[in-house]
Amino acid sequence: MSGEAASFMRSEILEIPEAAARFLDGARGELRAASAALTDRNPDLFVTVARGSSDHAATYFKYAAELGAGLPVASVGPSVASIYHRRLRLGRAAAIGISQSGQSADIVEMMRSAAAGGALTLAITNFAESPVGRAVDHTLALRVGAERSVAATKTFVVSVLAGLALLAEWQGDGALARAVAAAPEAFARALDCDWGPLADRLAEADSLFVLGRGPGFAIASEIALKFKETCGVHAESYSAAEVMHGPAALVRARFPILALGVEDEALPQVVGTAERLAGQGADVYLTGGAAAGAVTLPGVGGLHRRLAPLALIVSFYVFVEALARRRGLDPDEPPNLRKVTSTL
């Protein structure tokens, strides 16, 4: 991408390839130490603790760990510790807290409680010396630099990349490790994918569905949040299977749908759902493949199937920042939101 940044958000999106490379270069020792700790613990499951975009990063980790390591991953509500004061039995678990700022009191309290319950604790956060970083056994510091836009972009991408890098190191997965190492270049290519046809459709839209499967569902959830935050659009994310169990009843003529397909095991099902909803009259936009009645959006091809959904969010971020400005909004200052949100 070229041209002068029009917002902090856009500037930070353009930093994603560099931020990813900086994390991978700086976190090698941290990744080795955390991987060795996981090997020693040999956990039977992971639990994740996060909110907002960080929780979408945790969902991505869930699918990557379950598919790659065969371990179940459960999301634990921070309020279990911070409000309800209930300690969980986690002696055979590893707990991963994901927090951009590392300052949210409920995340910190849940990580302390997880440690007291016997878990090996790890944090993925931008600041190693933050409260959550100090509360755990091992920290993967993101090193993305300051993020001034309220809507997180580069921290989300590198949080997901950190989880993938940890899994590759721990599992000795050479193919995934090579994909992670090449991620900065993939993200640079993703910046140049033009989703202009979708912008024309959503310039005045009030709502839409965003669909995905597996790690792509985590990206669908992040996309739906960013539509709300930056564009004032009521977007809802669904599994491309779950949408057919009720929500599809809302789909009428010209209802907009963004379906996220990548070159993985679920692509045929995502394409099939896209075709079915297009047959109901929806305006369907699809990545990763072609479907009857749908408009195909470009993506970066030839990527590892566990990295490919993450490259999609980079293309989307470029798109949504421009869409917000087209709709007359400031993507850096969403109404009623702050950069650091501390909850209990």
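A disulfide is a pair of cysteine sulfur atoms within 2.5 Å. Keep that cut-off in mind as we look at this predicted model, where a search of the whole structure turns up zero disulfides.

Why does Cys193 form no such bond? Its closest cysteine sulfur belongs to Cys231 and lies 19 Å away, which is too far for a bond. Seen from the other side, Cys231 has Cys193 as its closest cysteine by sulfur, again at 19 Å and too far for a bond. Are these two residues buried or exposed? Cys193 counts as buried because its relative accessibility is 12%, and Cys231 counts as buried because its value is 1%; the cut-off for buried is under 20%.

| Cysteine | Closest cysteine sulfur | Relative accessibility |
|---|---|---|
| Cys193 | Cys231, 19 Å | 12%, buried |
| Cys231 | Cys193, 19 Å | 1%, buried |

Now let's step back to the protein chain as a whole. It holds 14 helices and ten strands. For 344 residues, a compact globule would have a radius of gyration near 20 Å, so the 19 Å of the protein chain agrees with that. Its C-alpha trace spans about 55 × 40 × 40 Å along the principal axes.

How much of the protein chain is buried? Of its 344 residues, 56% count as buried. The protein chain exposes about 13,700 Å², and carbon and sulfur atoms supply 50% of that area. Among contacts between residues at least 6 apart in sequence, 78% join residues at least 24 apart.

Finally, the charges: the protein chain has 32 positive and 36 negative ones, and their mean positions are 5 Å apart.

Note on methods:
Residues numbered from 1 in each chain as written. Predicted model: local features only at pLDDT ≥ 70, side-chain atom pairs only at ≥ 80, totals over all residues. Heavy atoms only, no water. Helix = DSSP H or I, 4+ residues; strand = E, 2+ residues; numbered from the N terminus. Rg over C-alpha atoms; globule rule 2.2 N^0.38 Å. Buried < 20%, exposed > 50% of the residue type's maximum accessible area, 1.4 Å probe, protein only. Contact = heavy atoms within 4.5 Å. Areas by Shrake-Rupley, 256 points an atom, 1.4 Å probe, with all protein chains shown as cover. Lys, Arg positive; Asp, Glu negative; His and termini not counted. Charge placed at Lys NZ, Arg CZ, Asp CG, Glu CD.
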